[in-house]
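Student: I have a protein model on my screen and I'm not sure how to read it. Can you walk me through some of its features?

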Amino acid sequence: GTNTTGASNTLSRAIPTVSFDSGMTFERDAPGISKLFGVNYTQTLEPRLFYVYTPFRDQSAFPLFDTVQSDFSYGQIFAENPFSGNDRIADNNKLTAGLTTRLIESETGVERFRGTIAQRIDFTGQRVQINGTLQDTKATYSDLLAATTIQMFRGYYLDAGIQWNPDQNKVNYSNVAFAWRPESRKLL
């Protein structure tokens, strides 16, 4: 097409983001579990808080090349931008809280069990969307995520996860997987 007089051929934007990621790890001996399995275990409790703030900037004039909404997951719930790619940068005022516990063999350091739960609150609602801008937003809670990994025997893993919507009392996603990892870089 033709360029109208005075129209710019370039677009630019500056979108600052501030995030704070904090966590702690508490450890204790787990004598009850140690008696049950005959191996000494250490149990951890690991709370984590992640806050991100990004102001709203209208990005509707920017072309959309390869950016998509990332799948909602434990990795994404602790991310600064819910989009993959840089065509859209989400406005954020979000706090994510997570809690992980692990059972680790005291003598070998082998992690036998990991359980995690996390949820995010969006204090103002996200206006920037893939194909436009939402005008009316409100504070929301994300679905609750829970996941576990169990190493049953050396190299044999059972993974399970669930995404539960407390407002609708409904499971939106769940998975169970069995994996055999005989050595580094090998997986069945």
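Tutor: Let's go through salt bridges, a surface patch, hollow spaces and a few backbone angles. Keep in mind that this is a predicted model.

Student: Okay, salt bridges to begin with. What can side chains of opposite charge do when their charged atoms come close?

Tutor: They can pair up. A search of the whole structure here turns up 7 salt bridges. One of them is between Glu-111 and Arg-102, with N to O at 2.8 Å.

Student: Which residues are joined into one network by salt bridges that share partners?

Tutor: That network joins Glu-46, Arg-102, Glu-111 and Arg-114. Another bridge in the structure pairs Lys-186 with Glu-183, and their closest N and O atoms are 3.6 Å apart. Lys-186 is partly exposed, at 44% relative accessibility, and Glu-183 is partly exposed too, with a relative accessible area of 47%.

Student: How far apart are the closest N and O atoms of Asp-159 and Arg-181?

Tutor: They are 4.0 Å apart, and the pair forms a salt bridge. This one links distant parts of the chain: Asp-159 is in strand β12, Arg-181 is in the segment after β13, and 22 residues separate them.

Student: Is Asp-159 buried or exposed?

Tutor: Buried means under 20% relative accessible area. Asp-159 has 18%, so it counts as buried. Arg-181, with 33%, is partly exposed.

Student: Got it. Now the surface: which residues make the nonpolar patch?

Tutor: Look for Met-152, Phe-153, Tyr-156, Phe-178, Trp-180 and Leu-188, which make a nonpolar surface patch of about 650 Å². The elements giving two or more residues to this patch are β11 (144-153) and β13 (170-180).

Student: Where is Leu-188?

Tutor: You'll find Leu-188 in the segment after β13.

Student: Why does Leu-188 count as exposed?

Tutor: Because its relative accessibility is 70%, and exposed means over 50%.

Student: What about hollow spaces? How many cavities of 30 Å³ or more does the structure hold?

Tutor: It holds 1. The volume of the largest cavity is about 60 Å³. The elements that give two or more residues to its lining are β3 (41-54), α2 (74-77) and β6 (92-105). The largest share, 3 residues, comes from β6. Among the lining residues you can pick out Phe-50, Gln-76, Lys-94 and Arg-120.

Student: What classes do the residues of that lining divide into?

Tutor: The lining of the largest cavity has 5 nonpolar, 4 polar and 3 charged residues.

Student: And pockets? How much space lies in the largest pocket?

Tutor: About 480 Å³. Its lining has 24 residues, and those nearest the centre of the largest pocket are Tyr-74, Thr-116, Ala-146, Ala-147 and Thr-148. The elements that give two or more residues to this lining are β3, β6, β7 (111-122), β11, β12 (156-165) and β13. By class, the lining of the largest pocket splits into 9 nonpolar, 9 polar and 6 charged residues.

Student: What volume does the second largest pocket have?

Tutor: The second largest pocket has about 390 Å³. β7 and β10 (140-141) are the elements that give two or more residues to its lining. Of the 18 residues lining the second largest pocket, Lys-94, Arg-120, Asp-122, Gln-126 and Thr-140 lie nearest its centre. The classes in this lining are 4 nonpolar, 9 polar and 5 charged. You've met two of these names already: Lys-94 and Arg-120 also line the largest cavity.

Student: Last topic, backbone angles. What is phi of Asn-169 near?

Tutor: It's near 50 degrees, a positive value in a residue other than glycine. Asn-169 sits in the loop between β12 and β13. With a relative accessible area of 60%, Asn-169 is exposed.

Student: Where is Arg-185 found?

Tutor: Arg-185 is in the segment after β13. Arg-185 isn't a glycine, yet its phi is positive, at about 70 degrees.

Student: Is Arg-185 buried or exposed?

Tutor: Arg-185 is exposed, since its relative accessible area is 86%. Try finding Arg-185 on your screen, in that segment after β13.

Definitions and conventions. Residues are numbered from 1 along each chain as its sequence is written. This is a predicted model: local features need pLDDT of at least 70, side-chain atom pairs count only at pLDDT 80 or more; totals for chains, interfaces and linings use all residues. Side-chain values use heavy atoms; hydrogens and water are left out. Patches are made of residues with over 30% relative accessible area and no salt bridge: like charges are joined within 9 Å, nonpolar side chains (Val, Leu, Ile, Met, Phe, Trp, Tyr) within 5 Å. Accessible areas come from the Shrake-Rupley method with a 1.4 Å probe; for residues, only the protein chains shown count as cover. A salt bridge is a side-chain nitrogen of Lys or Arg within 4 Å of a carboxyl oxygen of Asp or Glu. Helices (H or I, at least four residues) and strands (E, at least two) are DSSP runs, numbered from the N terminus. Buried means under 20% relative accessible area, exposed over 50%, partly exposed in between (1.4 Å probe, protein chains only). On a 1 Å grid over the protein atoms alone, a cavity is a set of points where a 1.4 Å probe fits but cannot get out, and a pocket is an open set with protein on both sides within 12 Å along at least five of seven lines; lining residues have an atom within 4 Å of a point. Grid points are joined across faces, edges and corners, and a volume is the space filled by probe spheres set on the points. Ala, Val, Leu, Ile, Met, Phe, Trp, Tyr, Cys and Pro count as nonpolar, Asp, Glu, Lys and Arg as charged, and the others, Gly among them, as polar.
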